Amino acid sequence: MPGFDPTMLGPAVVARLREALSTASYTVAGVSQRLGEAAHGALLRNATPAALRATTGGDPLDTMTRLFALQVPVPRRAVDRALPGLLGPLVTGGVLETAGEEVRASIDVRPYGDETHDWWVVSDLTPGLDGSKARIAADHVLGVSPASTSLAQLTVRDPVGSALDLGTGCGVQALHLRQHAARVVATDVNARALAMAALTASLNGVAYDLRAGSLYEPVNGEAYDLITSNPPFVVGPPVPEPLIYRDSGLPGDEVVRRIVTGAPAQLRSGGWCQVLANWAHHADEPWQERVAGWVEPTGCDAWVLQRETADLPTYVEMWLADAGLLGAPGYHSRYDVWMSWFEQQGIEAVGFGWLCLHNAGREAAVVRIEDWPYDIEQPLWPHIADWARRADLLTRLSDQELLETCLRRRPHVVQETRGEPGAADPELIVLRQQAGVRRARRVDTVEAALVGACDGDLGVGQVLDALATLLERDTAELRTRYVPVVRDLVAEGWLDE
Ligand SMILES: C[S@@+](CC[C@H](N)C(=O)[O-])C[C@H]1O[C@@H](n2cnc3c(N)ncnc32)[C@H](O)[C@@H]1O
């Protein structure tokens with residue numbers, strides 16, 4: 001929308017807007033309480049009727065919810081009550097527009113928050129409410145999406161000196177980063193996104209250094225403790241009208257490769273780069289090898305989790321629908337072009353997942369690439385940070401040192417057994433983590449007993465020796481056989497120091 005210009009708003013207007021939003025309880029809790037669980041859930045699916053029914057009272061909270069989230073015109077007098085003295089400046093800044101006695105929102109101002117903050121995030125209005133077919137502008141700025149929140153929950157939140165949000169959009173990642181990074185740089189190629197991120201920042205009383213430019217170009221020569229990116233990762237053919245928020249303009253999954261391979265030059269020692277991504281599954285190359293080809297040359301430790309795999313029709317349908325093109329003229333030909341391009345490229349499916357790189361500064365990097373489509377516990381970041389610490393521990397310890405280390409079973413580990421009722425030994429023993437990635441691991445009797453006995457009192461070697469005696473096995477054989485297993489148990493988070 002050409003009219004949006006936050007520089008017209010000035011600090012005093014922004015402060016009064018914040019005050020009005022807060023006074024009206026236009027917050028995540030306030031709106032969800034006003035709508036009720038079902039209507040709020042419907043709104044998250046872009047269905048507005050239930051929320052409209054719940055906001056007929058005309059108080060400031062109803063007015064703001066109807067204006068921004070539900071995108072309906074509201075009477076001017078209601079806006080005067082909800083946003084006293086702000087209508088004129090907000091029209092000048094391109095936040096609201098008037099038609100006679102009615103006022104509409106031109107952009108979205110949406111409640112958002114973490115455990116301790118009520119925030120507001122500025123973006124373009126959500127397209128496709130109630131299935132409407134409006135075309136999305138090329139420079140559309142996306143609001144907070146499920147992808148944004150999963151990246152926010154993955155991002156390692158240790159206090160750091162500097163953080164980079166590559167492709168900031170509405171500024172949501174930068175907002176989180178500002179809570180634990182002394183300095184935040186947020187970049188984007190879309191000037192409109194930078195303007196929205198600027199208003200998101202000022203509305204929440206924080207500052208980020210906003211810079212225009214592609215990928216690492218605006219931060220060339222600088223190093224960061226933390227880089228986060230939810231980039232435009234859609235894998236597809238060049239399109240005549242790319243949407244900047246999702247179409248990088250680079251072939252296939254090249255944008256992700258560039259972000260990953262460019263990370264080491266921008267990361268301080270000990271720094272993290274965490275990226276949401278799509279990657280192509282090529283017929284002639286397992287996806288793990290493709291992604292390993294990106295992360296291994298970085299020299300960083302890397303943990304890659306593939307969370308979903310989409311077959312090609314599902315993928316194309318999803319992204320054409322995202323662009324508002326489902327059922328639009330040319331839908332079938334766009335679909336054909338996309339599918340033919342996949343065929344030419346030898347792409348069979350597309351993976352979606354998370355790449356976490358840690359610049360551990362070691363000679364030998366630890367790379368873990370896995371398909372993990374199962375339920376996990378969010379926020380995952382404490383477990384990601386723990387994974388990096390345990391990777392360090394394992395690379396530091398020789399096998400002999402590992403055997404001398406007193407390990408502990410992690411608290412969220414439980415055991416399940418299956419077998420004939422009354423049988424002396426179970427047929428199957430499975431360990432399960434009830435936190436983090438919630439792994440399950442089939443184990444033998446020794447492994448189960450080992451994990452059970454590791455309470456931090458005895459060295460692993462002593463525990464194995466005791467088990468050898470108990471099970472009438474050879475002590476040396478058990479040590480040799482189970483050292484790699486212990487390494488695995490530590491790497492996967494069953495045992496820790
Ligand atoms: C999917 S949106 C993510 C927005 C936001 N960071 C979030 O997590 O919701 C991707 C963002 O990357 C920006 N972008 C696209 N191409 C880019 C490039 N080459 N360099 C930097 N940013 C880019 C888009 O304008 C858009 O704001």
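The shell around the ligand holds 11 nonpolar, 11 polar and 2 charged residues. In this predicted model, 24 residues surround the ligand. Ser148, Gly167, Gly169, Ser214 and Asn230 are the closest. Three elements give two or more residues to this shell: α8 (146-154), α9 (172-177) and β7 (181-188).

**Domains**

The domain assignment divides the chain into domain 1 (6-106), domain 2 (146-393) and domain 3 (397-496). The C-alpha centres of domain 2 and domain 3 are 36 Å apart. Domain 2 puts 12 residues into their contact, and domain 3 puts in 9 residues. On the side of domain 2 that touches domain 3, the residues are 7 nonpolar, 1 polar and 4 charged.

**Helix pairs**

Three helix pairs are set out here.

| Helix pair | Angle | Axis separation |
|---|---|---|
| α17 (445-453) and α18 (460-471) | about 130° | 10 Å apart |
| α15 (381-396) and α19 (475-491) | roughly 155° | within 9 Å |
| α13 (312-322) and α14 (331-345) | roughly 135° | within 10 Å |

Take α17 and α18. They pack at an angle of about 130°. That angle makes α17 oblique to α18. Their crossing is right-handed. From α17 come Val446, Ala449, Leu450 and Ala453. They meet Val463, Leu464, Leu467 and Leu471 of α18. By class, this contact of α17 with α18 has 8 nonpolar residues, no polar and no charged.

Next come α15 and α19. Their axes cross at roughly 155°. The cut-off for roughly antiparallel is over 145 degrees, and α15 and α19 are therefore roughly antiparallel to each other. Helix α15 contributes Arg390, Ala391, Leu393 and Leu394 to the contact. Helix α19 contributes Arg487, Val490 and Ala491. The contact of α15 with α19 counts 5 nonpolar, no polar and 2 charged residues.

The remaining pair is α13 and α14. Their axes cross at roughly 135°, and the two helices are therefore oblique to each other. Helix α13 passes α14 in a right-handed crossing. Leu312, Val316 and Leu320 make the contact from α13. On α14 the partners are Tyr331, Arg334, Tyr335, Trp338, Met339 and Phe342. This contact of α13 with α14 divides into 8 nonpolar, no polar and 1 charged.

**Backbone exceptions**

Most residues other than glycine have a negative phi, and most peptide bonds are trans. Two sites depart from these patterns.

Gln71 is not a glycine, yet has a positive phi of about 60°. Gln71 sits in the loop between α5 (60-69) and β1 (74-75).

A cis peptide bond links Gln378 to Pro379, with omega about 0°. Pro379 belongs to the loop between β13 (367-371) and α15. Helix α15 begins at residue 381 and runs to residue 396. The α15 helix that follows this loop is the one whose axis comes within 9 Å of the axis of α19.

Technical notes
Residues numbered from 1 in each chain as written. Predicted model: local features only at pLDDT ≥ 70, side-chain atom pairs only at ≥ 80, totals over all residues. Near = placed C-beta within 6 Å. Helix = DSSP H or I, 4+ residues; strand = E, 2+ residues; numbered from the N terminus. Nonpolar A, V, L, I, M, F, W, Y, C, P; charged D, E, K, R; others polar. Axes fitted to C-alpha atoms, helices over the stretch in contact; angles between N-to-C directions. Parallel < 35°, antiparallel > 145°, perpendicular 65-115°, else oblique. Left-handed = near helix turned anticlockwise from the far one by under 90°. Contact = placed C-beta atoms within 7 Å. Domains from an automatic or database assignment.
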